[in-house]
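Please look through the sequence and the structure below before reading on. The paragraphs that follow lead from the interior of the protein to its metal ions, its charged pairs and its cysteines.

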Amino acid sequence: MSTIQDIFQTYGPQYLALHEDRMPRVHKKTIQDIIGCRSGSFGTILYGCHDCQTIQPIPCCCGNRHCPTCQQNKMDQWLHKQMEKLLPTHYFLLTITLPHGLRQVVRSHQKITYAALFSCTHEALKKLARDKRFVGSTRIGYLAVLHTWGSMLQYHPHLHLVIPGGAVSEKGDQWLSSRQDLFVHTKPLEKIVKAKFKDAMTKAQLIDKIDPSVWKKQWVVDSQAVGKGQNSLRYLSRYVFRVAISNNRIKSIENGVITFLYKDRRKKTWKTMALDAMEFIRRFLQHVLPKGFMKIRHYGFLNPNSPFSIKQLRELISLIHDIIRDLLTEIPEYKKQEMKCACCGHALTFIAFLRPPRWGPSG
Ligand SMILES: [Zn+2]
Ligand SMILES: [Zn+2]
């Protein structure tokens, strides 16, 4: 099977040679990390098997958040964390996409504009949620995740929100449920987000760089009611916890051409696309975020600093719905995968960490 790492190992050095002097450091580091992931460049851990007396070296992974291999490994753990926060109510997936006309400015000012997209959306949602026709309180909570890609790896920044359907009352003493079919109307949401984003661009002195027609066009805001329970939340969590492209979409790497699968949104089918390796890497790197930028954020009652614990929220919700509390006891416990011996299958134990040569001698 071909992997993203194969692509970077084969063509990464050529890409670096061509563009190194004009590349942001975080892009160079991403290329180097992906190339070196599990190759020994990040050190090696020696494990031993008591049963068959063998020693097994396991090279360390890079841990880069844009590395598809490392991200895949984090998925289970992250999913489990989300499941622990499952609330016994219905959920929504809201998606807000920045229009084409903004992308040039957004690409050159990522930190400011991405942050503005998060905060403007939050303000707009709170404003609408206060309305009694929707929820009747601003004390909402949700998970927001920034994606910057489309299926063909093109630059396509959008924000996904995973929202439990309701809010804690302003007094904090009861749960107010939202409608089953929508959290808030998307039309006013689009208007408010757009207006707030425009203000944010004015404050950031970027407004003159933006074609004014983007403020007149309708932005794409999509709302999907996804139901309740573990399966809905698991589906949503998997959907939002991704990197630009996963290994299983790479079909072949041949003669400088990368063939990969992409989803045709209109026809809802998978298709194949072939790209020159340099173009593939260029597209991949567009989705490397500024250093330290948080692409996953928890708001309101799902924020770790919220005065409400998940347990309290569940209790509030169960007072108004006749909840099947058992729904919450089914969550399987998360077990970190044990290292198993390649020869006999018994558990391995840690012996030592070997530093990579470039770190110099230890001690
Ligand atoms: Zn890695
Ligand atoms: Zn997305």
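Two residues are said to be in contact when heavy atoms of theirs lie within 4.5 Å. With that in mind, and remembering that this is a predicted model, we can begin with Phe 197, which, leaving aside residues up to four places away in sequence, touches Leu 98, Leu 102, Thr 113, Ala 116, Leu 117, Cys 120, Trp 215 and Trp 219.

Phe 197 belongs to the largest nonpolar core, a set of 44 residues, and is listed with Leu 102, Leu 125 and Leu 189 as having the most contacts inside that core. Which elements give two or more residues to this core? They are the strands β3 (90-97), β4 (141-149) and β5 (155-164), together with the helices α4 (103-108), α5 (110-130) and α6 (186-203). Of these elements, α5 gives the most, contributing nine residues. Apart from this core lies another one, made of 37 residues, and among them are Cys 37, Ala 277, Phe 280 and Phe 284.

Cys 37 leads us to the metal ions, for this residue is also one of the residues that coordinate the zinc ion (ligand 1). Its partners in that task are Cys 62, Cys 67 and Cys 70, and each of the four cysteines uses its SG atom, at 2.3 to 2.4 Å. The angles among the four donor atoms run from 104 to 114°, and the site is tetrahedral. Along the chain, the donors of this zinc ion (ligand 1) follow the spacing C-x24-C-x4-C-x2-C. Are the donors Cys 67 and Cys 70 buried or exposed? Cys 67 counts as buried, at 0% relative accessibility, and Cys 70 is buried as well, with a relative accessible area of 3%.

The zinc ion (ligand 2) has histidines as its protein donors, namely His 147 through ND1, His 158 through NE2 and His 160 through NE2, lying 2.1 Å from the ion. The spacing of these donors along the chain is H-x10-H-x1-H. His 147 lies in strand β4 whereas His 160 lies in strand β5, and therefore the pair ties together parts that are 13 residues apart in sequence. His 147 counts as buried at 3% relative accessibility, and His 160, with a relative accessible area of 2%, is buried too.

We turn next to the charged side chains. Side chains of opposite charge can pair when their charged atoms come close. In this model the count comes to eight salt bridges. In one of them the side chains of Lys 29 and Asp 33 meet, with 2.8 Å from N to O. How is this pair placed along the chain? Because Lys 29 and Asp 33 are four residues apart in helix α2 (residues 25-36), they are separated by about one helical turn. The two partners have their own surroundings: Lys 29 is partly exposed at 48% relative accessibility, while Asp 33 is buried, with a relative accessible area of 5%.

A comparable arrangement along a helix is found in α9 (residues 310-320), where Lys 311 and Glu 315 are four residues apart and so are separated by about one helical turn. Their side chains meet in a salt bridge with 3.7 Å from N to O; Lys 311 counts as exposed at 59% relative accessibility, and Glu 315 is partly exposed at 35%. Arg 179 and Asp 181 also form a salt bridge, at 2.8 Å from N to O, and here Arg 179 is partly exposed at 34%, as is Asp 181 at 45%. Finally, Glu 279, Arg 282 and Arg 283 are linked in a network of salt bridges.

The last topic is the cysteines. A disulfide is a covalent bond between the sulfur atoms of two cysteines. How many disulfides does a search of the whole structure find? The search finds zero. Cys 49 shows why this can be so: the closest cysteine sulfur, in Cys 344, is 3.5 Å from its own, which is too far for a bond, given that the two sulfur atoms of a disulfide must be within 2.5 Å. Cys 61 is likewise in no disulfide, since the nearest cysteine sulfur, that of Cys 70, is 3.9 Å away. Cys 49 is buried, with a relative accessible area of 4%, whereas Cys 61 is partly exposed, with a relative accessible area of 35%.

Notes. Residues numbered from 1 in each chain as written. Chains lettered and ligands numbered in written order. Predicted model: local features only at pLDDT ≥ 70, side-chain atom pairs only at ≥ 80, totals over all residues. Heavy atoms only, no water. Core = buried A, V, L, I, M, F, W, Y, C linked by side-chain atoms within 4.5 Å. Buried < 20%, exposed > 50% of the residue type's maximum accessible area, 1.4 Å probe, protein only. Donors = N, O, S within 2.8 Å, 3.2 Å for Na, K, Ca; no water. Salt bridge = Lys/Arg side-chain N within 4 Å of Asp/Glu carboxyl O. Tetrahedral: all angles 85-135°; square planar, octahedral: opposite > 155°, others 65-115°.
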